[in-house]
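Trainee: I should like to request a close look at one part of this model, followed by its surroundings. Please state the cut-offs as the terms arise.

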Amino acid sequence: MKTGFYFETGLLILVVGLVIYAVSPSIPAYGSRVRIASKTESNVRPIGLSSALGLHRRSEAIFIDVRSENEYKQGHISTSLNAPDNAALERLSAIPELSRKVPVLYCGSSRCPYALAAAERIKGSFREVFVYTGGWDEWSALELPIARN
């Protein structure tokens with residue numbers, strides 16, 4: 001008697017599994033890698049020092065300092081532009097030559113939220129936007145290329 005019960009239960013589980021598989025063919029196979037993308041996936045990506053330095057050395061990026069004008073004048077990553085407010089960000093986004101480079105926004109330190117907020121504001125104007133997480137503090141402490149004006 002028990003064998004029939006186990007057979008029927010197993011058969012029922014198998015049928016339910018097949019129905020679920022047939023209804024949801026997009027379910028990946030067990031063990032396959034799946035990239036889950038949200039509907040609000042952003043083209044804004046944080047980068048560390050090595051990536052920022054590589055982009056700077058290859059002149060593939062335009063660095064944008066979102067600190068105040070006074071802080072910028074005291075020292076900034078060489079070749080960077082200053083965009084301390086929304087109006088300046090909008091003006092930079094409108095420059096056609098900049099569309100050929102990837103913008104890298106940075107702030108004073110890794111704890112500064114302004115670079116990420118600014119990147120979110122301009123992300124629609126660029127294919128990709130990077131936020132250098134180390135900021136001015138890390139760059140200047142390592143004595144990498146800087147400018148003052």
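Trainee: Which residue takes a positive phi just after H2, and of about what value?

Mentor: The residue is Ser59, with a phi of about 55°, just after H2. The model is a predicted one, in which local features require pLDDT of at least 70 and side-chain atom pairs pLDDT 80 or more, while totals for chains, interfaces and linings use all residues. Residues are numbered from 1 along each chain as its sequence is written, and side-chain values use heavy atoms, with hydrogens and water left out.

Helix H2 itself spans residues 49–57; helices (H or I, at least four residues) and strands (E, at least two) are DSSP runs, numbered from the N terminus. Within H2, the residues Ala52, Leu53, Gly54, Leu55 and His56 are buried, that is, under 20% relative accessible area, where exposed is over 50% and partly exposed lies in between (1.4 Å probe, protein chains only). The cover over these buried residues of H2 includes S1, S2, strand S3 (76–77), S5, S6 and H6, where contact means heavy atoms within 4.5 Å.

Several of these strands belong to an open sheet of 5 strands, in the order S1-S6-S5-S2-S4 with parallel pairing; two strands pair if DSSP finds at least two bridges between them. S1 and strand S4 (81–82) are the edge strands, each pairing on one side only. S5 and S6 run parallel and are joined by 2 bridges, and Val104 stands opposite Phe130 in S6. H2 packs on this sheet through S1, S2, S5 and S6, its direction making about 105° with that of S1. Axes here are lines fitted to C-alpha atoms, for helices over the stretch in contact, and angles run from 0 to 180 degrees between N-to-C directions.

H5 (residues 114–122) also meets the sheet: it lies across S1, S5 and S6, at about 150° to S5. Its buried residues are Ala115, Ala118, Ala119 and Ile122. They cover an arc of only 105° around the axis, so they sit on the same side of H5; the arc is that of the directions from the helix axis to the C-beta atoms.

H5 also supplies 4 residues, the largest share, to the largest nonpolar core, which has 19 residues, with Val66, Leu105 and Val129 having the most contacts inside it. A nonpolar core is a set of buried Ala, Val, Leu, Ile, Met, Phe, Trp, Tyr and Cys residues joined through side-chain atoms within 4.5 Å. S2, H4, H5 and S6 are the elements that give two or more residues to the largest core. Beyond its neighbours within four places in sequence, Leu105 contacts residues including Ile64, Val66, Leu89 and Ala115. Another core, of 15 residues, lies apart from the largest one and has Ile47, Phe63, Tyr132 and Trp136 among them.

Finally, there are 2 aromatic pairs: rings of Phe, Tyr and Trp (its six-membered ring) pair if their centres lie within 6.5 Å, and planes under 30 degrees apart count as stacked, over 60 as edge-to-face and the rest as tilted. Phe63 and Trp139 form a tilted pair, 5.9 Å centre to centre with 55° between the planes. This pair links distant parts of the chain, as Phe63 in strand S2 (residues 61–65) and Trp139 in helix H6 (residues 135–141) are 76 residues apart. The Tyr132 and Trp139 ring centres are 5.9 Å apart with planes at 80°, so that pair is edge-to-face. Ring pairs thus link Phe63, Tyr132 and Trp139 into a cluster. Phe63 and Trp139 are both buried, and Tyr132 is buried also.
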